[in-house]
Amino acid sequence: MTKSEQEPRPLREDVVGADDISRVDDEISRGAFKADWASLCAMEPPTWFADAKFGIFTHWGLYSVPAYNNEWYSRNMYIKGYPEFDHHVKTYGPQKEFGYKDFIPMFKAERFDPDQWLDLFRRAGARYYMPVAEHHDGFQMYRSDLSEWNAFDKGPHRDLIGELRRATLDQGLHFALSDHRAEHWWFMGHGQEFDSDVHQPMKRGDFYWPAMPEPDNQDLFSKPYPTKEYLDDWLLRVCEVIDAYRPELLYFDWWVQHEAFKPYLQRLAAYYYDRSVEWGAPTAICYKMDGMAWGSGIVDVERGGFANPTPFVWQTDTAIARNSWCHTTTLDHKSVAEILAALLDAVSKNGNLMLNIGPCADGSIDPEEEEMLESIGRWMDVNGEGIYGSRPWWIAQEGPTHPAEGSFADQTEAVFTPEDFRFTSASGAIYAYQLKPAADGRALIKAFAPRGKEGSVFQGIVRQVSQLGAGPVNYQLTDQGLAVQGLQDPVTTTAAGLPLGIRIDVE
């Protein structure tokens, strides 16, 4: 597809440009939301988000070309002693002769078909989709007026984000965007520590600019602080994608938590939320833990979650592989059963799961990941009625296995038993998902034991018990709980041992 064949990029004629900082502030001054936390905490998450429960995330960019180790290749290839450094020299030559920028002509996206992607994501059961618009490496996956280092002007010469947005809406999904530009302040800085291609005069808009020394990137007060010039550029870049693509959710990685970003983050949030009022379409920013004031967006827990149900909606973003967010040749894929258990754990506690996959550099999707998504979709077709639009019950979980709370809790797979359940409520029924099906097709749900028994919380009347996808099953209320018999795997899939959904009709 040539540039002339693509639909016009902007949804507005007045997309911000390189000298539009004052216009951003003028927009905020006229809008309902102001650049302070008190005002921003008046936002309400979009109503569709609490019902959607499951989304797809993709990390796809220049780092998909070397496909080595993970999506931090652009940083690590410039650090002596790192595997990426040695791999790069051996495979492509010294960094001064072949730098990260030299992957751009190799990023052709020749097999990229956005309609095929989104058809797959919809079949997988996703209700929203979030691609990365710009990662830490600084390559924009969209048409930009702020830098020539983007996929429309270089590489595939396509507005990849624009094409994905159209395909997303065509499939009836909600469109979101992820922006990781903040970390670029220091992400390429190690290239200045030896003779590499990062040693060149750099100015605003250049690919590697500003390549500052990397601080302790977990320190919220680390120095050198980002300059006003850099922060202005960050603000305008994010406002540009807001204006041009109107994402319904906007996600930031962790470094916006740095002190220097706080006033800029407030301005950005006010601008975005004011735009949403103008569009008549509520939006929200997803942020890591305490990156923003509590209540000014949707909190996100990377690769983890909460121990108990929360009164607020939240999200966990996690990857289909344990060791990378992008496509590599050494992925450690999770099992479908593990992913579904993570989804059920989040949903039972008022959360959503956004599952990341890493497309290949040519735009194709790894066959193993495609089959995993197909398996998830077949399971969701049978079990989704207790997920979509559901809300937490009295309790979220029962059983001996409790995944660790907090971020990065997925580095070790939880081993569930037939006694482990996650609960939801929807349409007047209670849903109990047995995370590890028993070989004999039985389940004992202690939450339905008589009043006063250990684990009991239910005090109503059970009218019928059914297995999702299979119909009514035999059950008996005992002193130990609700005893169910005859459970079976109703999903034809290559993935074995997937959770079983039980619907309990009550009064």
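**Exercise 1. Locate lysine 53 and describe its backbone.**

Solution. Lysine 53 is placed in the loop between helix H3 (47-52) and strand E1 (54-58). In this predicted model, lysine 53 has a positive phi of about 70° although it is not a glycine. As a general background, most residues other than glycine have a negative phi, and most peptide bonds are trans.

**Exercise 2. Identify which residues are joined by a cis peptide bond before proline 210 and before proline 224, and state where each proline lies.**

Solution. Step one concerns proline 210: a cis peptide bond links tryptophan 209 to proline 210, with omega about 5°. Proline 210 is found in the loop between helix H8 (184-187) and H9. Step two concerns proline 224: lysine 223 and proline 224 are joined by a cis peptide bond, and omega is about 5°. Proline 224 also belongs to the loop between H8 and H9.

**Exercise 3. Determine how helices H1 and H9 are oriented, and which residues form their contact.**

Solution. Helix H1 (residues 21-30) packs against helix H9 (residues 228-245) at an angle of about 60°, and their axes are 10 Å apart. Angles under 35 degrees count as roughly parallel and those from 65 to 115 as roughly perpendicular; H1 and H9 are therefore oblique to each other. Their crossing is left-handed. On the H1 side, Ile21, Arg23 and Val24 take part, meeting Asp232, Leu235, Leu236, Cys239 and Asp243 in H9. By class, this contact of H1 with H9 comprises five nonpolar, no polar and three charged residues.

**Exercise 4. Carry out the analysis for H6 and H7.**

Solution. Helix H6 (residues 114-123) and helix H7 (residues 160-170) have axes 9 Å apart and pack at an angle of about 40°. That angle makes H6 oblique to H7. The crossing of H6 and H7 is right-handed. Pro114, Asp115, Trp117 and Leu118 in H6 are in contact with Glu163, Leu164, Arg166, Ala167, Thr168 and Asp170 in H7. The contact of H6 with H7 has five nonpolar, one polar and four charged residues.

**Exercise 5. State the strand order of the six-stranded sheet and explain why E9 and E14 are its edges.**

Solution. The sheet is open, its order is E9-E10-E11-E17-E13-E14, and the pairing is antiparallel. Strand E9 (397-398) and strand E14 (471-472) each have a single partner strand, so one side of each is left without a neighbour in the sheet. Within the sheet, strand E10 (residues 421-426) and strand E11 (residues 429-434) run antiparallel and are joined by six bridges. Threonine 424 stands opposite tyrosine 431 in E11. Helix H11 (residues 336-348) packs on this sheet and touches E9, E10 and E11; the direction of H11 makes about 50° with that of E10.

**Exercise 6. Describe the sheet of three strands in terms of order, edges and pairing.**

Solution. The order of this open sheet is E12-E16-E15, with antiparallel pairing. Strand E12 (443-445) and strand E15 (474-477) stand at the edges, since each has a single partner strand. Neighbouring strands of this sheet are turned by 20° against each other on average, direction ignored. E12 pairs with strand E16 (residues 482-485) in the antiparallel sense over three bridges, and isoleucine 445 stands opposite leucine 482 in E16.

**Exercise 7. Assess the confidence of the model.**

Solution. The protein chain has a mean pLDDT of 94, and 96% of its residues reach 70 or more. Over residues 1-10, pLDDT stays under 50, and the model has 22 contacts beyond four places in sequence for these residues.

Technical notes:
Residues are numbered from 1 along each chain as its sequence is written. This is a predicted model: local features need pLDDT of at least 70, side-chain atom pairs count only at pLDDT 80 or more; totals for chains, interfaces and linings use all residues. Side-chain values use heavy atoms; hydrogens and water are left out. Two strands pair if DSSP finds at least two bridges between them. Helices (H or I, at least four residues) and strands (E, at least two) are DSSP runs, numbered from the N terminus. Axes are lines fitted to C-alpha atoms, for helices over the stretch in contact, and angles run from 0 to 180 degrees between N-to-C directions. Angles under 35 degrees count as roughly parallel, over 145 as roughly antiparallel, 65 to 115 as roughly perpendicular and the rest as oblique. A crossing is left-handed if the near helix is turned anticlockwise from the far one by less than a right angle, and right-handed if clockwise. Contact means heavy atoms within 4.5 Å. Ala, Val, Leu, Ile, Met, Phe, Trp, Tyr, Cys and Pro count as nonpolar, Asp, Glu, Lys and Arg as charged, and the others, Gly among them, as polar. pLDDT is the predictor's confidence in each residue, from 0 to 100.
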